[in-house]
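Hi everyone, thanks for coming. Today I'd like to walk you through a ligand and its surroundings, so please have a look at the picture.

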Amino acid sequence: MIAPARIDQSWLHSPALQELLALLNSDGGEAKIAGGAVRNSLLGEAIKDVDVATTLIPADVTMRLEEAGHRAIPTGIDHGTVTALIDGETFEVTTLRKDIDTDGRHATVTFGTDWLEDAERRDFTMNALYLEADGTVFDPLGGYGDLMARNVIFIGMAEKRIEEDYLRILRFFRFFAWYGTFRPDAKGLMACTRLKDGLDDLSAERIWQELSRMLAAPDPSRALLWMRQTGVLSKVLPESENWGIDAIHGLVEAEQELGWDADAVLRLMSIIAPMEDKVAGLAERLKLSNKVRDRLIAWAGQESLPKKQSKQEFDAMLYRSNVQAVSDRIRLDCATAIGKNDEKRSTKLAKRLKRIAKWERPELPVRGQDLLDAGMKPGPQIAQTLTRLEEVWIASGFKASREFLLAKV
Ligand code: ATP
Ligand code: MG
């Protein structure tokens with residue numbers, strides 16, 4: 001299928017982007033928009049960030065930007081990437097490359113000026129499309145047809161491309177999750193199955209980056225299924241092995257029904273067992289941030305809501321708990337209930353989530369100083385009394401006043 005000659009979309013008219021392309025497309029330089037922005041525009045989907053490819057070397061890119069009064073941040077100079085900052089907008093500008101040596105994890109690259117070579121070192125045909133400043137489409141490898149058919153196809157021989165960089169196995173499933181349909185390309189699947197052991201040598205950061213992006217797709221369930229089928233999932237997420245990935249369906253359904261944002265961490269929770277030691281091991285292996293690790297561990301230790309619980313009991317529980325963990329637990333239980341068509345339970349849990357959204361942690365109206373002012377002597381008794389008053393206050397549904405509580409001292 002032949003790509004349209006030209007597209008016109010509002011984001012292309014950004015004065016900052018047009019200025020950048022004009023700066024690079026002069027005096028012997030060439031630049032085109034590349035990567036995700038081109039792919040998503042052709043699909044009619046929202047674009048995230050705009051990447052620009054250029055024949056100019058990073059030092060020239062930097063010089064041209066600075067001479068025009070803009071900032072150039074050396075984000076990945078080794079890879080030839082400079083971030084251009086123009087009128088508050090940022091663009092990643094990467095010099096055309098060709099790989100001269102690849103060992104499956106790192107590539108030694110050399111800068112080039114050949115657009116076809118640049119296209120051929122990219123991963124999938126749908127990711128090797130370019131746009132000129134005026135919206136003219138450049139499709140050197142015929143990726144447009146694959147894109148329209150929603151086929152994620154390796155450029156060149158799948159096995160060879162994976163051996164150059166094993167991360168491409170996970171990228172295959174990530175792009176399938178976002179843009180694929182029906183079933184993944186058979187040759188790609190076979191290559192991933194055969195070469196999955198190469199995933200063992202990838203850095204944890206790169207694995208989690210791809211995995212979390214895959215999990216953030218509108219509906220990652222089919223990609224997960226194929227990842228399990230090929231044994232790739234067990235490689236990167238052995239915690240999902242004895243648990244199963246079926247809960248993801250209920251979660252995606254709940255998100256759509258109740259308007260929750262796609263949350264990669266919540267989706268991860270839905271496919272692993274809530275066991276603190278396992279979750280801690282996973283966080284360590286994938287080098288998750290402290291924030292994500294703490295969230296996972298708190299969730300693993302959080303019980304489901306009892307079948308019968310009054311609003312007041314619920315509020316008391318919230319006060320004593322990690323609210324994020326309670327919310328995560330309820331969301332997953334609600335998703336399970338939706339998956340089982342248990343409307344009574346899912347409605348009740350959805351109400352609890354609304355209550356959490358409005359909830360502000362109340363503050364005990366009595367402080368240590370109040371007890372000292374009331375004549376108590378400094379010492380451990382102060383803390384003990386505060387704890388006792390706190391219990392009274394919680395039991396009152398956080399309604400007991402300061403006067404009422406102080407009168408108990
Ligand atoms: P998104 O919109 O999700 O950012 P993207 O296509 O821009 O999607 P990136 O990971 O930002 O994805 O990569 C930008 C482009 O760089 C890709 O479209 C692809 O052409 C190329 N690329 C990135 N990583 C690799 C890789 N490991 N091997 C080959 N090409 C890659
Ligand atoms: Mg991108």
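**Around ligand 1**

Let's begin with the neighbours: 15 residues surround ligand 1, and those that come nearest are Arg 39, Asp 165, Arg 168, Arg 171 and Arg 174. Please keep in mind that this is a predicted model.

What kinds of residues make up the shell around ligand 1? There are 11 charged residues, along with 3 polar and 1 nonpolar.

Now for some individual contacts. Arg 168 uses its side chain: an N or O atom there is 2.8 Å from a nitrogen atom of ligand 1. With Asn 127 we turn to the backbone, where an N or O atom lies 3.1 Å from an oxygen atom of the ligand. Asp 123 also takes part through a backbone N or O atom, 3.2 Å from a nitrogen atom of ligand 1.

How much of ligand 1 does the protein cover? On its own, ligand 1 has 600 Å² of accessible area, and the protein covers 82% of that. The space that the ligand takes is the largest pocket.

Which elements give two or more residues to the shell? They are helix H2, residues 36-43, and helix H7, residues 167-179. H7 gives the most, with 4 residues.

Finally, let's step back to the domains. Domain 1, residues 1-149, and domain 2, residues 156-236, each supply at least three residues to the shell around ligand 1. Thanks for listening, and I'm happy to go back to any of the pictures!

How values were computed: Residues are numbered from 1 along each chain as its sequence is written. Chains are lettered from A and ligands numbered from 1 in the order in which they are written. This is a predicted model: local features need pLDDT of at least 70, side-chain atom pairs count only at pLDDT 80 or more; totals for chains, interfaces and linings use all residues. Side-chain values use heavy atoms; hydrogens and water are left out. A residue is near a molecule or strand if one of its heavy atoms lies within 4 Å of it. A polar contact is a pair of N or O atoms within 3.5 Å; within protein, one must be able to donate a hydrogen and the other to accept it, and residues adjacent in sequence count only if both atoms are side-chain atoms. Accessible areas come from the Shrake-Rupley method with a 1.4 Å probe; for residues, only the protein chains shown count as cover. On a 1 Å grid over the protein atoms alone, a cavity is a set of points where a 1.4 Å probe fits but cannot get out, and a pocket is an open set with protein on both sides within 12 Å along at least five of seven lines; lining residues have an atom within 4 Å of a point. A molecule sits in a cavity or pocket if more than half of its atoms lie within 2 Å of its grid points. Ala, Val, Leu, Ile, Met, Phe, Trp, Tyr, Cys and Pro count as nonpolar, Asp, Glu, Lys and Arg as charged, and the others, Gly among them, as polar. Domain bounds come from an automatic or database domain assignment.
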